[in-house]
Amino acid sequence: IRWLRGHAGKYGLDAEKVGVVGGSAGGHLSALVGTAGGAKAFPQIGGFSDQSDDVQCVCDIFGPANFATVMQQAADDKNVRNIFKFNSDSDPYALLIGGNLETDREKVAAVSPVHYITADDPPTLILHGTHDALVPYAQSVELAESLRAKGVPVWLQTLPGSGHGGAAFSKPSVMTLMGNFFDRHLRGVDVEIRLVPESELAVDPPAGRQ
């Protein structure tokens, strides 16, 4: 983000209007950028330290939000059985921090977007399916509630029955929601951000995940 701002003139970018979007690991990074931006939480590698790493809006699509609660939330999820064996060689959560989710609390906090939430965080749109077997739906509920508690504008679009992705995420109404979100916060378009009724997005849960 600092690199982009440092090259804004070269590439014709508006350095004052930067938004991020990502799914899964990309959703995690997008949420982390949104909450940790401007906090100087990480070493400023790559140069351009004179540029801001704040963003003006975030769209997080089923990304992990709190590595400290993900194990319990997965265990409590009555919709699905999480597919990962936590704290094993196949656990992407533990592999990301290079440690143990239960004991390496400093590393767990460092990668958790909820750890950095402040009142000046950017508006955030979150999309998550209720039958996600990789990232518990409760992760996004927790993120939304934590942002809302600080007064940050946040919209949580629930997709009933959807797993870690699926056809419902690309429905025209969802695309319109995302487009309106970015238009409003990046282009200044006077458009209402209206969540899609869950009944329009409900699908049968993924086979074998119930």
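Helices α3 and α5 (92–97) each supply at least two residues of the lining of the second largest pocket. That's a handy way into this structure, which is a predicted model, so let's take its two biggest pockets in turn.

**The second largest pocket**

There is about 250 Å³ of space in here. Its lining is made up of 15 residues, and those closest to the centre are A25, P64, F67, P92 and L96. Among the contributing elements, α3 gives the most, with four residues. Sort the lining by class and you get twelve nonpolar residues, three polar ones and no charged ones.

**The largest pocket**

Now for the largest pocket, with a volume of about 330 Å³. A total of 17 residues line it, and R2, V33, G37, F42 and D53 sit closest to its centre. Two elements give two or more residues to this lining: α1 (2–6) and α3 (25–36). Here too α3 gives the most, again with four residues. By class, the lining of the largest pocket counts ten nonpolar, four polar and three charged residues.

**Side by side**

Here are the linings by class.

| Pocket | Nonpolar | Polar | Charged |
|---|---|---|---|
| Largest pocket | ten residues | four residues | three residues |
| Second largest pocket | twelve residues | three residues | no residues |

Which element should you look for when you turn back to the model? Helix α3 is a good pick: it gives the most to the lining of the largest pocket, and it gives the most to the lining of the second largest pocket as well.

Conventions. Residues are numbered from 1 along each chain as its sequence is written. This is a predicted model: local features need pLDDT of at least 70, side-chain atom pairs count only at pLDDT 80 or more; totals for chains, interfaces and linings use all residues. Side-chain values use heavy atoms; hydrogens and water are left out. On a 1 Å grid over the protein atoms alone, a cavity is a set of points where a 1.4 Å probe fits but cannot get out, and a pocket is an open set with protein on both sides within 12 Å along at least five of seven lines; lining residues have an atom within 4 Å of a point. Grid points are joined across faces, edges and corners, and a volume is the space filled by probe spheres set on the points. Ala, Val, Leu, Ile, Met, Phe, Trp, Tyr, Cys and Pro count as nonpolar, Asp, Glu, Lys and Arg as charged, and the others, Gly among them, as polar.
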